[in-house]
Amino acid sequence: MAEERTLFDTENNKERRAVLCAVYDSDSEAEASVSLDELERLAETAGAVCSARLTQMRDAPDRRTVIGSGKCAELNELCSTLEADLVVFDTDLTPSQIKSLEDEIDRDVQVIDRSMLILDIFASHARSAEGVLQVELAQLKYTAPRLVGHGREMSRLGGAASGSIGSRGPGETKLELDRRRIRARIASLETELEKVARSRAVIRRSRERSGIKRCAIVGYTNAGKSTLLNRLTDAGILAEDKLFATLDTTTRKYTLPGGADILLTDTVGFIRKLPHHLIKAFRSTLEEAVYSDLLMIIIDASDPAFSDHLSVTENLLEELGAGDKPKLYVLNKCDKADSEALNELKKSDSNVHYAAISALTGEGVEDMISALEAMLMAGKRTVKLSLPQSAGAAVNEIYMSAENVEINYTADSIEIKAVLDERLYGKFGKYVTEE
């Protein structure tokens, strides 16, 4: 397969100099500016220095080069003047567009798109065995249709027409061989990830049987999810001011003030234009949100684009099938946020549960936990029950379905202390001796 250059020259400890490019129509200029800001942060996370931006307003991208011949000449001049060796487009490019753009630039400049950049970051940040497999699968699925040949030098065998010894026969081009190897590797990775998914499902069923409530911490990348989990549970997760600093799912037990245990799960961050192959590859990880009892949506309230980030998060949750889960919206970094903007957000829907915190300093975290506990315990009550020795089936159901169950067997009865939901209370309320 063709050798790929990384965005950061680790051998010479040299950063790549990048030019960012975007094409937008007359209705999306503001959105394009926000997206380019984010693209710059992505490039910096990957280890590149953003030297310049090149934007163009046009009704539709040029089919050959996206930006047209005039802008290509301008891009070539920019790369030459700034000694840039990387061009990043804020949109997906076809293989032919990448080749045409690189042909238009005199210097040895690499052209990539937003999805390729995100995949590069994921590849450098994946730590667990599952994360590495997921990233490789996403990369190969993105790369496979983008492999293009470069003439006869790509051929492993010349074919009968060449007449040279050892080259007769149907032959197989280097391109065809690369594609065949990629398909085989994709099949192998999918098999390995299916095994991981089955193992994750076993763990999930075990947690379901325990009756412990599960809360998934979700949100836009760099919103502070890992910082919050570290504060609550001393999880020791890497928490940096970078996009996608952590990719691996981490679950920790947390005891609420009322004594009930819950499981908090940190998940991979979301971002606009998240490559579809990444969503598919990380689906087993992202499904932690689907199987949770409640979602804590972490929002970086200090970011001027936080409302857009929230929309991206909610749309992805809908796509995953977790859109109808109970949600607690956690406005993080409130110590740096615009209070008026936060108040407007809170007023937008009086039925939505909000908590304003700073995961870094701890401000507001206790109030957030109280709100979380109230949501998880809604309709539940802690009771004591006294059941006859013959009520073994009832005891088993309470043990399997109730929370914080304590059982004490006496000579005449079975004494239980537990947290019952409305269904269990309605069914076994006749045995309640104390609330």
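**Exercise 1.** In which sense do strand β12 (residues 381–388) and strand β14 (residues 413–420) pair, and over how many bridges?

*Solution.* The model is a predicted one. Step one is to take the two strands together: β12 and β14 pair in the antiparallel sense, over eight bridges. Step two is to find a facing pair, and here T382 stands opposite V419 in β14. Step three places both strands in an open sheet of four strands, ordered β13-β14-β12-β15 with antiparallel pairing. Because β13 (403–409) and β15 (432–434) stand at the edges, each with a single partner strand, one side of each is left without a neighbour in the sheet. From one strand to the next, the twist averages 30°. Finally, helix α13 (residues 392–401) lies across β12, β13 and β14, and runs at about 150° to β13.

**Exercise 2.** Describe how strand β5 (residues 110–113) is joined to β4 and how its faces are covered.

*Solution.* Begin with the pairing: strand β4 (residues 86–89) runs parallel to β5 and is joined to it by four bridges, with V111 in β5 as the bridge partner of V87. Next, add helix α3 (residues 95–104), which together with β4 and β5 makes a right-handed β-α-β unit. Then inspect the two faces of β5, where Q110 and I112 on one side and V111 and D113 on the other are all buried, that is, under 20% relative accessible area.

**Exercise 3.** Which residues touch the most other members of the largest nonpolar core?

*Solution.* In this core of 61 residues, they are L42, L117, F122 and F244. Leaving aside neighbours within four places in sequence, the contacts of F244 include L42, I118, F122 and I271. A second, separate core has 27 residues, among them A223, L228, L294 and I357.

Definitions and conventions. Residues numbered from 1 in each chain as written. Predicted model: local features only at pLDDT ≥ 70, side-chain atom pairs only at ≥ 80, totals over all residues. Heavy atoms only, no water. Buried < 20%, exposed > 50% of the residue type's maximum accessible area, 1.4 Å probe, protein only. Pairing = 2+ DSSP bridges. Right-handed = clockwise from strand over helix to strand, strands pointing away. Core = buried A, V, L, I, M, F, W, Y, C linked by side-chain atoms within 4.5 Å. Contact = heavy atoms within 4.5 Å. Axes fitted to C-alpha atoms, helices over the stretch in contact; angles between N-to-C directions.
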